[in-house]
Amino acid sequence: MPLPHKRLKPSGNPVRDRALAAYLGVALGDALGATTEFLRPAEIESRYGKHQDLTGGGWLHLKPGQVTDDTQMNLAVGWAMVEAKTMDAVAVGEKLLGWMSSKPADIGSTVRQGLHHFRRTGETEAPHSEYHAGNGAAMRILPVILACLNRPDDLEPWLVTQGHLTHNHPESDFGMAMLGQLSRAAILQGQGAPLDSIMMAWVEKNPKFDPKKFKRSIDGYIVNSMRTALYYFKTTRDFEECMVAIANAGGDTDTNATLAAMVAAPFYGLESLPPRWLKKLDKAVQTEITDQVEQLFAVFNPEA
């Protein structure tokens, strides 16, 4: 594993490097954004000036570099897929139940309700609800994207399968599919990925998701989160600038940064991840992410 205090160097396999960048980027965005979650921009400026380092704190009183449910649920989904060697909704549900039982620092109410429903009934699809259009299913899709790098036809069905455990709503499904396609392209092609054309094709299908309609919001509505993530990806110049802009914009900052990182980190590459952030990021999480990326490739993309 690369030393966390040094700038990560490419391994010679660009797709694997961009996959690792995406996963570490998710954890970094999560840890950075958790400090300012649910604050408004004026409150952030008053407390932190410009928030740009992994300082911990926030409403969850985290340690510097500690991650939240965004990263933890990705890891749970990923290990379920590695062990099942496919997308198995029961396996994913059991892993998420195990995570919930570990008393995490944070868990969204819709996720909690969905997992309680799964535990009580054994059903792997939560009942449809108008209140399920949150970002809690989209925040945990990176392992699915990595598993489907070479099997694009499985991407959307697998995203929906894991998502419906807790979030059964068409807008949640759409957000996952849009983000999944953008992230997959960035991982496979880096800065050569036609992200603008992919993005606009999805916006034509559902104009609500147009990042040009971005408005600051404190909620976790998937439409607002996707607008925020893609607006700042499009209006910043590198991974760090994108993450810092989101962390200072207020609202659901950790998840908004997580979603943006799935695109920005692989687009800008492994070397774009700030060494000072990697130095602070929880070392056990870094190791687990590195191990899981290797195993996801071994199971789903052995020739990549």
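M178 touches M199, W202, V203, F209, M226 and L230, leaving out residues up to four places away in sequence; contact here means heavy atoms within 4.5 Å. The structure is a predicted model, in which local features need pLDDT of at least 70 and side-chain atom pairs count only at pLDDT 80 or more, while totals for chains, interfaces and linings use all residues. Residues are numbered from 1 along each chain as its sequence is written, and side-chain values use heavy atoms, with hydrogens and water left out.

M178 is also one of the residues that, with L195, F239 and M243, touch the most other members of the largest nonpolar core, which holds 101 residues. Helix 1 (residues 14-34) supplies the largest share of this core, 12 residues. A nonpolar core is a set of buried Ala, Val, Leu, Ile, Met, Phe, Trp, Tyr and Cys residues joined through side-chain atoms within 4.5 Å. Buried means under 20% relative accessible area, exposed means over 50%, and partly exposed lies in between (1.4 Å probe, protein chains only).

The protein contains 14 helices and 0 strands. Its pattern along the sequence is α-α-α-α-α-α-α-α-α-α-α-α-α-α. Helices (H or I, at least four residues) and strands (E, at least two) are DSSP runs, numbered from the N terminus. The radius of gyration of the protein is 17 Å, which agrees with the value near 19 Å for a compact globule of 304 residues. This radius is taken over C-alpha atoms, and the globule rule is 2.2 Å times the number of residues to the power 0.38. Along the principal axes, the C-alpha atoms fill a box of roughly 50 × 40 × 40 Å.

Of the 304 residues, 60% are buried. Among contacts with a separation of 6 or more, 73% are between residues 24 or more positions apart. The exposed area of the protein is about 12,300 Å², and carbon and sulfur atoms supply 50% of it. Accessible areas come from the Shrake-Rupley method with a 1.4 Å probe; for residues, only the protein chains shown count as cover. There are 31 positive and 35 negative side chains, and the centres of the two sets lie 5 Å apart. Lys and Arg count as positive and Asp and Glu as negative, whereas His and the chain ends are not counted. The place of a charge is taken as NZ of Lys, CZ of Arg, CG of Asp or CD of Glu.

Two residues of helix 8 were examined individually, D173 and L188, the helix spanning residues 170-189. D173 has a relative accessible area of 18% and is therefore buried. Leaving aside neighbours within four places in sequence, D173 is in contact with V160, H164 and H167. D173 and L159, 14 residues apart in sequence, have their C-alpha atoms 7.7 Å apart. L188 has a relative accessible area of 27%, so L188 is partly exposed. With neighbours within four places in sequence again set aside, the contacts of L188 are V15, R18 and L149. The C-alpha atoms of L188 and F267 are 9.3 Å apart, and these residues are separated by 79 positions along the chain.

P194 follows in the loop between helix 8 and helix 9 (195-205). Its relative accessible area of 38% makes P194 partly exposed. P194 and P275 are 81 residues apart along the chain, and their C-alpha atoms are separated by 28 Å.

M81 belongs to helix 3 and is buried, at 0% relative accessibility. Not counting residues up to four places away in sequence, M81 touches T86, M87, P143, V144, A147, W158 and F300. Between the C-alpha atoms of M81 and P143 the distance is 7.9 Å, with 62 residues separating the two along the chain. P143 is also among the contacts of Q292, which include Y23, N74, L75, G78 and W79 when neighbours within four places in sequence are left aside. Q292 lies in helix 14 (residues 283-300) and counts as buried, at 0% relative accessibility.

Backbone angles were considered next. Most residues other than glycine have a negative phi. H61, which is not a glycine, has a positive phi of about 55°. H61 is found in the loop between helix 2 (41-48) and helix 3 (69-84), and counts as exposed at 69% relative accessibility. K85 likewise has a positive phi, near 60°. K85 sits in the loop between helix 3 and helix 4 (89-101), and is exposed, with a relative accessible area of 56%.
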